[in-house]
Amino acid sequence: MSKHLANKQLTARFLTELADTPVEDIGAVLERFCHGDCRWEIFHPFNRIDGLDNVASQFWGPLKRAFPDYEQRLGQVLAGEYEGREQVSTLGHVMGSFEARWLTIPPTHNLAFLRFGFNAIVRDGKFAKAYVLLDIPDLMRQAGCYPLRRMPGSAEQWPLPPIDSGATLDAVAAERGALSMAIVREMQLGLPKPGEVVSVSSAASRHSRHWHENMNWYGPAGIGSARRLRGFRESHGALFLQAFPDRSGIARDPTGPEDGPGHYTRIGDGLFAVTGGWPSIHATHTGGQWLGLPPTGRKVEMRVADWYRLDRDDKIIDNWVMIDVPHMLQQMGLDILDDLRFFADPALSRLRE
């Protein structure tokens with residue numbers, strides 16, 4: 001078995017065992033699958049967590065108590081190598097009965113979904129670094145406490161890849177994956193730069209030829225999902241370009257530390273590819289109407305990962321996007337979880353000491 005295939009199966013076993021394991025035994029699962037010094041980077045409000053005991057008590061334990069019967073539904077698992085490191089990536093959702101408050105979000109006592117991404121570095125058969133990406137505002141929406149204006153895109157649940165797309169735990173298609181990544185990177189490098197978009201007609205830019213006519217862009221809560229390039233531009237592209245006119249990607253130093261800014265992952269596997277940065281974009285919020293907020297003038301950084309699926313004609317047809325929306329809003333001066341504390345406990349005083 002190749003190392004990349006072994007890493008894919010390691011990831012699936014790890015996430016499945018976490019779902020099936022009682023809260024009190026989570027630490028033992030983490031010890032079996034992770035190096036003792038494995039660092040965890042988790043979307044806001046968790047952020048960086050060091051130490052397996054801490055990640056068990058601060059993240060996995062509370063999540064398991066909130067979803068006591070949850071299962072980890074994986075839509076794709078990719079494996080490859082980037083910057084000389086073995087890497088894996090998966091996208092799907094946690095699903096189960098939401099039975100207890102989590103991050104002060106009230107339970108629904110019904111089936112709920114938490115969009116979930118997991119990117120990791122593997123060393124000697126264990127996880128050495130892990131990134132967990134969560135769509136927390138979407139769970140807030142399901143619980144009836146959505147904190148933002150109505151999304152311009154669709155709020156419906158993301159579909160998983162079609163059955164004939166080659167998303168599998170049984171094989172690694174590195175050669176085809178390299179082509180998929182090359183196409184994705186050419187598209188990304190063709191995205192409009194600051195000052196290039198002066199009208200709707202110029203917004204298509206050089207990246208458009210890589211997209212399927214009926215492409216799907218699945219955005220996080222706050223933005224929503226869209227179909228075809230026009231839908232993407234109206235639901236996200238135009239608003240984002242106008243809100244952050246000086247946006248710029250962060251150039252990665254391939255000889256620098258693993259936790260440096262820029263893309264920490266770029267792997268292709270078959271018709272799929274993933275890129276992600278922590279952060280990968282810097283910008284200043286000088287335009288309005290992104291998530292409904294007026295311009296704040298604040299500098300922000302974006303933690304983001306994109307998963308792509310190409311069709312057999314080399315067109316990008318699906319793009320699932322995880323953005324750390326709570327982290328961005330925090331930088332813009334809005335803590336979307338703060339109000340929930342007072343609804344959960346009316347005895348709390350809103351007067352700051």
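In the predicted model, strands β10 and β11 form a hairpin with two residues between the strands, and G270 takes a positive phi near 65 degrees there. Strand β10 covers residues 263-269 and is joined to β11 by six bridges, the two strands running antiparallel. Within this pairing, I267 stands opposite V274 of β11.

Strand β11, residues 272-284, has further partners. Strand β9, which consists of residues 248-249, is joined to β11 by two bridges in an antiparallel arrangement; here G249 has I281 as its bridge partner. Strand β12 also pairs with β11, in the antiparallel sense and over ten bridges. One position in this pairing is F272, whose bridge partner in β12 is R309. Of the 13 residues of β11, eleven are buried, so this strand is largely enclosed by the rest of the structure.

The loop between β11 and β12 contains Q289. With a relative accessibility of 48%, Q289 counts as partly exposed, because the partly exposed class extends from 20% to 50%. When residues up to four places away in sequence are set aside, Q289 touches R149 and L239. The C-alpha atoms of Q289 and T255 lie 38 Å apart in space, with a sequence separation of 34 residues.

Strand β12 spans residues 299-310 and is joined to β13 by seven bridges, with the two strands running antiparallel. In this pairing the bridge partner of W307 is W320 of β13. The two strands form a hairpin with five residues between them, and D314 in the turn has a positive phi of about 65 degrees. Strand β12 thus pairs antiparallel both with β11 and with β13.

Strand β13 comprises residues 316-323, and eight of its eight residues are buried, so β13 is largely enclosed by the rest of the structure. A parallel pairing is found with strand β7, residues 211-218, which is joined to β13 by four bridges. In that pairing, W211 has I316 of β13 as its bridge partner. Strand β13 is therefore paired in the parallel sense with β7 and in the antiparallel sense with β12. In a regular strand, side chains alternate between the two faces of the sheet.

These strands belong to a protein chain that has eight helices and 13 strands. The radius of gyration of the chain is 20 Å, close to the 20 Å that the globule rule gives for 353 residues, so the chain is as compact as a globular protein of that length. The C-alpha trace spans about 60 × 55 × 40 Å along its principal axes. Buried residues account for 55% of the 353 residues. Among contacts with a separation of 6 or more, 65% are made by residues 24 or more positions apart.

The accessible surface of the protein chain amounts to about 15,100 Å², and carbon and sulfur atoms contribute 51% of this area. The chain carries 39 positive and 43 negative charges, and the mean positions of the two sets are 5 Å apart.

Key. Residues are numbered from 1 along each chain as its sequence is written. This is a predicted model: local features need pLDDT of at least 70, side-chain atom pairs count only at pLDDT 80 or more; totals for chains, interfaces and linings use all residues. Side-chain values use heavy atoms; hydrogens and water are left out. The radius of gyration is taken over C-alpha atoms; the globule rule is 2.2 Å times the number of residues to the power 0.38. Buried means under 20% relative accessible area, exposed over 50%, partly exposed in between (1.4 Å probe, protein chains only). Contact means heavy atoms within 4.5 Å. Accessible areas come from the Shrake-Rupley method with a 1.4 Å probe; for residues, only the protein chains shown count as cover. Lys and Arg count as positive and Asp and Glu as negative; His and the chain ends are not counted. The place of a charge is taken as NZ of Lys, CZ of Arg, CG of Asp or CD of Glu. Two strands pair if DSSP finds at least two bridges between them.
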